[in-house]
Amino acid sequence: MDKVNPRTSWSSFNLQVMQVVKEQVMRALTTKPSSLDQFKSKLQNLSYTEILKIRQSERMNQEDFQSRPILELKEKIQPEILELIKQQRLNRLVEGTCFRKLNSRRRQDKFWYCRLSPNHKVLHYGDLEESPQGEVPHDSLQDKLPVADIKAVVTGKDCPHMKEKGALKQNKEVLELAFSILYDSNCQLNFIAPDKHEYCIWTDGLNALLGKDMLSDLTRNDLDTLLSMEIKLRLLDLENIQIPDAPPPIPKEPSNYDFVYDCN
């Protein structure tokens with residue numbers, strides 16, 4: 001039987017304790033406590049046992065979600081999640097959005113509204129006297145654009161209204177919110193989204209209408225979140241069960257098939 005060196009054992013224990021203390025401090029600091037008392041309270045909640053639980057949970061999640069069966073499950077359900085995101089984007093376009101009209105003096109004093117028809121075949125739009133309090137009915141919007149007539153959707157510097165001379169093209173914030181619908185020969189419908197979220201909703205929705213991929217940061221975040229949630233829900237029944245990396249071997253054929261029921 002090998003003898004255990006007490007000095008080595010004690011040194012290893014001290015190193016482990018120091019690592020846990022360091023992790024306690026780092027995790028407490030990531031919460032950005034506003035006072036010393038709040039920092040102390042965070043440290044008290046991060047006990048040695050709690051740190052070990054967090055480590056184990058993170059390690060299990062990382063290992064499980066990178067295993068071959070989980071990756072195959074992700075690949076299988078990803079189209080379903082993308083379809084769900086697509087329907088959400090199209091539903092938001094049906095609700096419509098109020099956009100501001102910006103002139104060369106950057107005065108935001110005029111509004112217009114655009115929304116997709118429930119059958120996803122027509123964009124209804126028109127000018128407004130003031131910002132609406134809710135949805136604007138289709139019949140109150142004067143202009144229509146059939147989705148079948150849309151040739152392309154362009155963004156940023158590629159937008160016709162961002163290529164015009166004036167101060168708008170120098171405004172980076174406006175440039176990041178600009179997108180345009182190109183239709184017919186030289187016609188376009190120009191947009192300045194009210195914020196980045198609406199910009200992602202509309203560019204995603206319009207691309208989905210054209211049968212193209214939704215490439216916005218919002219779609220990537222939604223896909224990661226929904227995929228993670230769906231995977232965890234499907235694995236609830238397998239909690240604390242180790243998932244093998246490879247399928248089990250196929251058993252040998254039986255020596256005879258006398259056990260098969262004869263319907264005759």
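This text walks through a predicted model of one protein chain, from its overall make-up to its helices, aromatic pairs and strands.

The chain carries eight helices and seven strands. It has 264 residues, and buried residues make up 31% of them. Its accessible surface comes to about 18,900 Å². Carbon and sulfur atoms own 51% of that surface. Among contacts with a separation of 6 or more, 49% join residues that are 24 or more positions apart.

Start with helix α4. It runs over residues 68-95 and has 28 residues. From first C-alpha to last it reaches 41 Å, close to the 40 Å expected at 1.5 Å a residue. The helix still bends, by about 40 degrees, at isoleucine 77. A proline, proline 79, follows within four residues of that point. Isoleucine 77 is also one of the buried residues of α4. Others in the buried set include Ile70, Leu73, Ile81 and Ile85. Further along, Arg89, Leu90, Arg92, Leu93 and Val94 are buried too. Two arginines, Arg89 and Arg92, thus appear in the list beside the leucines and isoleucines. Just after the helix, glycine 96 takes a positive phi of about 90 degrees.

Helix α8 comes next. It covers residues 217-234. Its 18 residues should span 26 Å at 1.5 Å a residue, and its end C-alpha atoms are 26 Å apart, so expectation and model agree. Leu218, Thr219, Leu223, Leu227 and Ile231 are buried in this helix.

Threonine 219 deserves a closer look. Its relative accessibility is 2%, and a residue is buried under 20%, so threonine 219 counts as buried. Its side chain makes a polar contact of 2.6 Å with the side chain of aspartate 204. Beyond its neighbours within four places in sequence, threonine 219 is in contact with Leu82, Ile85, Arg89, Asp204 and Met214. Ile85 and Arg89 are buried residues of α4. Threonine 219 itself sits in α8. These contacts therefore link α8 to α4.

Now turn to the aromatic residues. The structure holds nine aromatic pairs. One joins phenylalanine 99 and phenylalanine 179, with ring centres 6.4 Å apart. Their planes lie at 70 degrees, so the pair is edge-to-face. Phenylalanine 99 lies in strand β1 (residues 97-101) and phenylalanine 179 in strand β6 (residues 178-183), so the pair ties together parts that are 80 residues apart in sequence. Both phenylalanine 99 and phenylalanine 179 are buried.

Phenylalanine 179 also pairs with phenylalanine 191. Here the ring centres are 4.5 Å apart and the planes at 10 degrees, so the pair is stacked. Phenylalanine 191 belongs to strand β7 (residues 187-192) and phenylalanine 179 to β6, so this pair bridges parts that are twelve residues apart in sequence. The relative accessible area of phenylalanine 179 is 0%. Phenylalanine 191 is buried as well, again with a relative accessible area of 0%. The three phenylalanines belong to one aromatic cluster, made up of Phe99, Trp112, Tyr125, Phe179, Phe191, Tyr199 and Trp202.

Stay in β6 for serine 180. This residue is buried, with a relative accessible area of 0%. Its side chain makes a polar contact of 3.3 Å with the side chain of histidine 161. Leaving aside neighbours within four places in sequence, serine 180 is in contact with Ala152, Val153, Val154, Cys159, Pro160, His161, Leu189 and Asn190.

Finally, look at the stretch around β2 and β3. Histidine 120 is found in the loop between β2 (110-116) and β3 (122-128). What is unusual about its backbone? Most residues other than glycine have a negative phi. Histidine 120 is not a glycine, yet it has a positive phi of about 65 degrees. At 23% relative accessibility, histidine 120 counts as partly exposed.

Valine 122 has its place in β3. It is partly exposed, with a relative accessible area of 21%. Its C-alpha atom is separated by 4.4 Å from that of proline 146, a residue 24 positions away along the chain. Outside its neighbours within four places in sequence, valine 122 is in contact with Arg115, Leu116, Ser117, Lys144, Leu145, Pro146 and Val147. Proline 146 is thus among its contacts.

Conventions. Residues numbered from 1 in each chain as written. Heavy atoms only, no water. Buried < 20%, exposed > 50% of the residue type's maximum accessible area, 1.4 Å probe, protein only. Contact = heavy atoms within 4.5 Å. Areas by Shrake-Rupley, 256 points an atom, 1.4 Å probe, with all protein chains shown as cover. Expected span 1.5 Å × (residues − 1). Bend = angle between axes of the 7 residues up to and from the residue. Polar contact = N/O pair within 3.5 Å; in protein donor to acceptor, adjacent residues only side chain to side chain. Phe/Tyr/Trp six-rings, centres within 6.5 Å; stacked < 30°, edge-to-face > 60°.
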